[in-house]
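Student: Please pick one part of this model and take me through it slowly. I'd like to see how it sits among its surroundings.

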Amino acid sequence: MIRPRAIAAGAEAFAARTPTLPPATHTNSYALGGREVLLVEPATPYEDERRAWLAWARGLAGQGRSIVAIAVTHHHADHVGGARFFAAELGVPIWAHAEAAPRLPGVPVARRLSDGEVVRLDGPAPTALRVLHTPGHAPDHLCFLDEARGILVCGDMVAGVGTILIDPREGDMAVYLAQLDRLAALGARVALPAHGEPIDAPEALFRRYVAHRHMREQRVLEALEAAAGEGGASLEALLPVAYADTAPLAWPIARLSLEAHLIKLEREGRAARRDGLWRRAAGGGA
């Protein structure tokens with residue numbers, strides 16, 4: 001693993017070990033900007049990795065670059081494990097979406113970023129980062145788009161390794177799919193995910209993620225159809241049918257995605273639940 005890693009002019013990555021979901025083991029942080037720099041993803045909680053991360057961040061000064069702030073894409077632990085520590089050590093503020101603030105106890109959010117606003121960073125070639133509020137995976141999720149360079153920092157919307165979990169306790173499958181469609185239409189040349197390598201041709205990957213979710217939704221509907229004669233089925237009964245192509249070791253995570261799919265179908269009138277059992281809604285369509 002090369003770290004730090006130059007991505008393009010004004011964009012650099014640093015992968016740090018974090019307590020993330022396998023197969024990922026690291027979370028990528030990014031330094032964006034020429035002279036003024038926005039650091040994205042203060043991720044790691046581990047002392048040895050924090051030392052390496054700080055050495056990287058402090059080394060930016062030797063390049064004639066100054067850190068303006070640290071931004072978080074969302075509040076999950078593998079993205080903010082060092083937020084308070086790094087902000088204090090570097091003497092810079094934390095920026096995040098307003099929805100992140102109540103989910104980050106003890107972390108002062110100095111600037112609440114909103115959809116569509118532009119963060120401007122000075123430099124030989126000034127950088128303008130458009131903030132995109134992209135909920136679905138998490139209610140506070142943000143992406144950052146450098147429109148001039150076609151670089152999209154996309155957090156956990158997609159990954160260069162593994163897949164993205166939609167946890168129904170805070171995620172929303174329908175919203176997530178709508179945001180993937182939105183990102184696909186941006187025309188970005190490269191996407192920088194929190195986990196894995198940079199993604200060339202990101203539009204194709206965004207659309208593959210959407211297609212995969214539609215495939216899974218169809219399997220969920222088929223599982224509901226199979227359970228129709230039994231008066232419905234529990235999540236545990238539907239899981240091995242809807243995720244028959246998935247290793248049983250992954251079923252605890254798959255169960256969360258299954259529930260997210262079912263909630264989406266219920267809101268659309270295509271599934272119904274009663275007494276903990278799910279069934280295909282009458283007249284719910286294909």
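**A close look at one hairpin**

Tutor: Let's start at the turn: in the hairpin formed by β10 and β11, four residues sit between the strands, and Gly150 has a positive phi near 70°. Strands here are DSSP runs of E with at least two residues, and helices are runs of H or I with at least four, both numbered from the N terminus. Before going on, keep in mind that this is a predicted model, where local features need pLDDT of at least 70 and side-chain atom pairs count only at pLDDT 80 or more, while totals for chains, interfaces and linings use all residues. Residues are numbered from 1 along each chain as its sequence is written, and side-chain values use heavy atoms, with hydrogens and water left out.

Now for β10 itself. Five of the five residues in this strand, residues 142-146, are buried, so the rest of the structure largely encloses β10. Buried means under 20% relative accessible area, exposed means over 50%, and partly exposed is in between, using a 1.4 Å probe and protein chains only. Which residues point which way? Leu142, Phe144 and Asp146 point to one side of β10, while Cys143 and Leu145 point to the other.

Next, look at the partners. Two strands pair if DSSP finds at least two bridges between them. β10 pairs with β9 (residues 127-133) in the antiparallel sense, over five bridges. Here Val131 stands opposite Phe144, and Leu129 stands opposite Asp146. With β11 (residues 151-155), β10 also pairs in the antiparallel sense, over three bridges. In that pairing, Leu145 faces Leu152 of β11.

Zoom out a little and you'll find an open sheet of six strands with mixed pairing, in the order β8-β9-β10-β11-β12-β13. At its edges are β8 (118-121) and β13 (199-200), each with a single partner strand, so one side of each has no neighbour in the sheet.

Let's follow the chain between β8 and β9 for a moment, since Pro126 lies in the loop there. Pro126 is exposed, with a relative accessible area of 56%. Leaving aside neighbours within four places in sequence, Pro126 is in contact with Leu121 and Arg149; contact means heavy atoms within 4.5 Å. Pro126 is 116 residues from Gly10 in sequence, but their C-alpha atoms are 9.3 Å apart in space.

Back to Cys143. A disulfide is a pair of cysteine sulfur atoms within 2.5 Å, and a search of the whole structure turns up zero of them. Cys143 is in no disulfide, and the nearest cysteine sulfur belongs to Cys154, 5.9 Å away. Why is there no bond? At 5.9 Å from the sulfur of Cys143, the closest cysteine sulfur, the sulfur of Cys154 is too far away for one. Both count as buried: Cys143 has a relative accessible area of 0%, and Cys154 has 0% too.

What lies across these strands? Helix α4 (residues 173-184) lies across β9, β10 and β11, and runs at about 155° to β9. Axes are lines fitted to C-alpha atoms, for helices over the stretch in contact, with angles from 0 to 180 degrees between N-to-C directions. The axis of α4 also comes within 8 Å of the axis of α7 (residues 251-267), crossing at roughly 90°. The two helices are therefore roughly perpendicular to each other. On the α4 side, Met173, Ala174 and Leu177 make the contact, and on the α7 side, Ser257, Ala260, His261 and Lys264 do. For the angle words, under 35 degrees is roughly parallel, over 145 roughly antiparallel, 65 to 115 roughly perpendicular, and the rest oblique.

Finally, here is some wider context. A nonpolar core is a set of buried Ala, Val, Leu, Ile, Met, Phe, Trp, Tyr and Cys residues joined through side-chain atoms within 4.5 Å. The largest one has 25 residues, and Leu39, Trp53, Ile70 and Leu104 have the most contacts inside it. Its largest share, four residues, comes from α1. Apart from that core lies another of 24 residues, including Ala188, Ile199, Phe206 and Val210.
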